[in-house]
Amino acid sequence: MSDVVVVGGGIIGLAIALELQDRGATVTVLERGRCGQQSSWAAAGMLAPEAEELTGDLRELGLRSRALYPQWIADLQHRTGLSCGYWCCGILCPSAQPRADTAGGVSWLNRESLDRQQPGLGPIVTGARWLPEEGQVDNRRLMAALHLAVRLAGVRVLEGVAGYQWQFSPSSTIRAIATSIGELEADHYVLATGAWTRSLLPQIPVTPRKGQMLSVFDAQRSLQRVVFGDGTYLVPRQDGTIVIGATVEDVGFLPDTTATGIHGLLAGAIALYPAIATMPIRETWWGFRPFAPNEALFLGPGPYANLTMATGHYRNGILLAPVTAQIIADQLTGRNPKSHPQAGP
Ligand SMILES: Cc1cc2nc3c(=O)[nH]c(=O)nc-3n(C[C@H](O)[C@H](O)[C@H](O)COP(=O)(O)OP(=O)(O)OC[C@H]3O[C@@H](n4cnc5c(N)ncnc54)[C@H](O)[C@@H]3O)c2cc1C
C-alpha cells in the first residue's frame, strides 16, 4: 500500500489519513467542502461510551478509544501547538435509582453528595450515576488541530473537490475516482464520507440523523461536569460555553434548527440546570450524524478489493476516531489485518 485516497475530510477521514501517512503511505484527502465542517463540527464532543450505554463490540471499541484519547490529543497538541480542549471532567447521568453498570460496578450519588460534586442542579435531579473517566473534547478545536497536523505530516488535502464516481479496471478493482477536478488514481481508497456515504456506495445503508444544538454562555463557569440527562445533555467547555444537545431526527438532509427543536432543548436544559434560564444564547446549529441500522459501524473491506469503508459512526464518531484510525491503518498496512466489518452493539 503506497498511494491512498481518503474520501471525506471529517474526523474519521483525517484521523485515518494521519495514521496512514505516519506509517509510510502517501495520502490524499478529498473533501468536497472544507475539512471538519459537517458532523465533526456539529458534535458536542462527549467521550462517553458509558453514558451512551454502548453495548457489545461497540462498547469495547468505545472504551478502547476513550483510553487512547489522552495520548492522541497530546500528540496532536505536540505536532501543532494547538489546544484541543480535552477535559476529563466526568459525566453525571441523572437517575432516580442506583443502577449497576454493565461491568457490575456502580457509582451513584444521592442528592446530598451530588450537591457537593456539582451544585445548582434542578429539583428533578434526585440522584445520578457518576462516571469519572468520561469527559469531552472541544471537537471544533480538535478539527482545527487535526487538519493542521495532517498538512504538517505531508498529506495532500484537496478541499472543495467532490468525489462523484468510481472508475473500474477490467479486474473490477477501482482504477480511479472521478472528481470535480478530474480523475484521481491510487492503489487504495478509503471511504469516510459520513452521512453522505450512499452517494458513492448506494448499497451501504448509512443515512442521516439530524441533531439540533445550541450553546449558552456561563460567565461564572459554574457548571463543571457534563450532565447527561434523558433527551438533553449539557457540556460545559472550559471557556464558559455550555453546549446543549441534541435532537435526533429522521428527516433526511432537511437543514435548519426549528422553534420546536430549540424549545425542547432549552426546556430540558433549564430543568437540569436552572441557572441556564438567564444565560445568554450564543449559537444554534444542526448537523447530520451518519446512522447505520443497529448502530453497526462499517469498518473494513468494502465491496471492491481496493476499497475500505470507515463510516456509520452515528452518535460516537468523535469518541471513536482514534481507534478507527488504528484499526483501518492496521488493516491496510497488514500489521493486524483483522477486519471489523460490522462492529455493532
Ligand atoms: C448534533 C450532534 C452531536 C454529536 N455529539 C457527539 C458527541 O458528543 N460525541 C461523539 O463522539 N460524537 C458525536 N456526534 C457524532 C459525530 O459528530 C459523528 O459520528 C462524526 O463526526 C462522524 O465523522 P465523519 O468524519 O464520519 O463525518 P463528517 O464529519 O460528516 O465528515 C464527512 C465528510 O465527508 C465529506 N464528503 C461527503 N461526501 C463526499 C464526497 N463525495 N466527496 C468528497 N467529500 C465528501 C463531507 O463534506 C464531510 O466533510 C454528534 C453528531 C451530531 C450531529
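This report walks through the two domains of a predicted model and then through some of its strands.

**Two domains and their contact**

The chain doesn't split into two simple halves. In the domain assignment, domain 1 takes in 3-84, 138-206 and 293-333, while domain 2 is made of 91-132 and 207-291. If you take the centres over C-alpha atoms, domain 1 and domain 2 sit 27 Å apart.

Where they touch, 23 residues of domain 1 meet 25 residues of domain 2. On the domain 1 side, helix α2 (residues 39-42) gives the largest share, with three residues. Sorted by class, that side of domain 1 holds 11 nonpolar, nine polar and three charged residues.

**Strand β1 and its partners**

Now for strand β1, which covers residues 3-7. Is it enclosed or open? Four of its five residues are buried, so β1 is largely enclosed by the rest of the structure. For anyone counting neighbours, buried here means 20 or more other C-beta atoms within 10 Å of the residue's own.

β1 pairs with strand β2 (residues 26-31) in the parallel sense, over five bridges. In that pairing, valine 5 faces threonine 28 of β2. Helix α1 (residues 11-22) joins in too: β1, α1 and β2 together make a right-handed β-α-β unit.

β1 also runs parallel to strand β12 (residues 188-191), and four bridges join the two. Here valine 4 is the residue that stands opposite histidine 188 of β12.

**An open three-stranded sheet**

Elsewhere in the model there's a small piece of sheet to look at. Three strands line up in the order β9-β10-β11, forming an open sheet with antiparallel pairing. Why does one side of β9 and of β11 lack a neighbour in the sheet? β9 (163-168) and β11 (182-185) are the edge strands and have a single partner strand each, so one side of each is left without a neighbour. From one strand to the next, the twist averages 30 degrees.

Strand β10 (residues 174-179) meets β11 over four bridges, in the antiparallel sense. One of the residue pairs puts threonine 179 together with its bridge partner, glycine 182 of β11. As general background, strands of a sheet pair through backbone hydrogen bonds, either parallel or antiparallel.

Here are the strand pairings with their bridge counts:

| Strand pair | Sense | Bridges |
|---|---|---|
| β1 and β2 | parallel | five bridges |
| β1 and β12 | parallel | four bridges |
| β10 and β11 | antiparallel | four bridges |

Definitions and conventions: Residues numbered from 1 in each chain as written. Predicted model: local features only at pLDDT ≥ 70, side-chain atom pairs only at ≥ 80, totals over all residues. Domains from an automatic or database assignment. Contact = placed C-beta atoms within 7 Å. Nonpolar A, V, L, I, M, F, W, Y, C, P; charged D, E, K, R; others polar. Pairing = 2+ DSSP bridges. Axes fitted to C-alpha atoms, helices over the stretch in contact; angles between N-to-C directions. Buried ≥ 20, exposed ≤ 12 C-beta atoms within 10 Å, placed from the backbone. Right-handed = clockwise from strand over helix to strand, strands pointing away.
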